Amino acid sequence: QVQLQESGGRLVQAGGSLRLSCAASGRPLNNYAMGWFRQAPGKEREFVAAISLSGGSTDYADSVKGRFTISRDNAKNTVYLQMNSLKPADTAVYYCAAGAYSRVSRHYDYWGQGTQVTVSS
């Protein structure tokens with residue numbers, strides 16, 4: 001079992017930056033690829049970014065490419081999502097997940113509880 005805990009979400013103005021963290025416990029994160037997903041009110045959960053086990057490969061949704069960066073520190077058992085040039089459309093609950101390197105949510109086995117990101121215009 002892996003327990004995931006996100007942190008770092010808050011209210012920020014458009015154009016601002018945030019760094020989300022996802023800390024894992026239970027098993028080493030280097031056994032899993034990691035992903036970030038988000039869910040806005042009234043919308044389905046959507047893929048944001050993914051990173052491979054070693055961190056050598058990353059993937060991003062088109063809507064965040066060039067603005068968001070996913071990274072991992074396996075020694076600290078933590079994954080990060082650096083979010084720059086934030087837009088109101090980025091407002092959502094952000095979830096981290098551990099599993100296979102994929103854009104598909106059902107390919108991830110473990111999920112955090114989520115952290116709220118609100119971007120004001």
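**Close-up A. Strand S11 shows its two faces.** In this predicted model, the side chains along S11 take turns. Thr115, Val117 and Val119 point to one face and are buried. Gln116, Thr118 and Ser120 point to the other face, and these three are not buried.

**Close-up B. S11 meets its partners.** Strand S2, made of residues 11-13, runs parallel to S11, and the pairing covers 3 bridges. Here you can find Gln13 standing opposite Ser120. S9 also pairs with S11, but in the antiparallel sense, again over 3 bridges. In S11, Val117 has Ala92 standing opposite.

**Close-up C. A look into the largest nonpolar core.** As a bit of background, nonpolar side chains in soluble globular proteins tend to be buried together. The largest nonpolar core here holds 36 residues, and the ones touching the most other members are Leu4, Met34, Trp36, Leu81, Met83 and Tyr94. Plenty of strands chip in: S3, S4 (33-39), S5 (46-51), S7, S8, S9, S10 (108-111) and S11 (115-120) each supply at least two residues of this core.

**Close-up D. Met83 and its contacts.** Leaving aside residues up to four places away in sequence, Met83 touches Gly16, Ser17, Leu18 and Leu20, along with Arg67, Phe68, Tyr94 and Val117. Two names here should ring a bell: Tyr94 is, like Met83, among the core residues that touch the most other members, and Val117 is one of the buried side chains of S11.

**Close-up E. Cys22 and Cys96 join up.** The model has 1 disulfide. It links Cys22 and Cys96, whose sulfur atoms sit 2.0 Å apart. Cys22 belongs to strand S3 (residues 18-25) and Cys96 to strand S9 (residues 92-99), so the bond ties together parts that are 74 residues apart in sequence. The torsion about the S-S bond is about 55°, which means the disulfide is right-handed. Both Cys22 and Cys96 are buried.

**Close-up F. Two loop residues with positive phi.** Most residues other than glycine have a negative phi, but Asn77 has a positive one of about 55°. Asn77 lies in the loop between strand S7 (68-73) and strand S8 (78-83). With a relative accessible area of 16%, Asn77 counts as buried. Ser85, also not a glycine, has a positive phi near 50°. Look for Ser85 in the loop between S8 and S9. Ser85 is partly exposed, at 42% relative accessibility.

Definitions and conventions: Residues numbered from 1 in each chain as written. Predicted model: local features only at pLDDT ≥ 70, side-chain atom pairs only at ≥ 80, totals over all residues. Heavy atoms only, no water. Disulfide = S-S within 2.5 Å. Helix = DSSP H or I, 4+ residues; strand = E, 2+ residues; numbered from the N terminus. Buried < 20%, exposed > 50% of the residue type's maximum accessible area, 1.4 Å probe, protein only. Core = buried A, V, L, I, M, F, W, Y, C linked by side-chain atoms within 4.5 Å. Contact = heavy atoms within 4.5 Å. Pairing = 2+ DSSP bridges.
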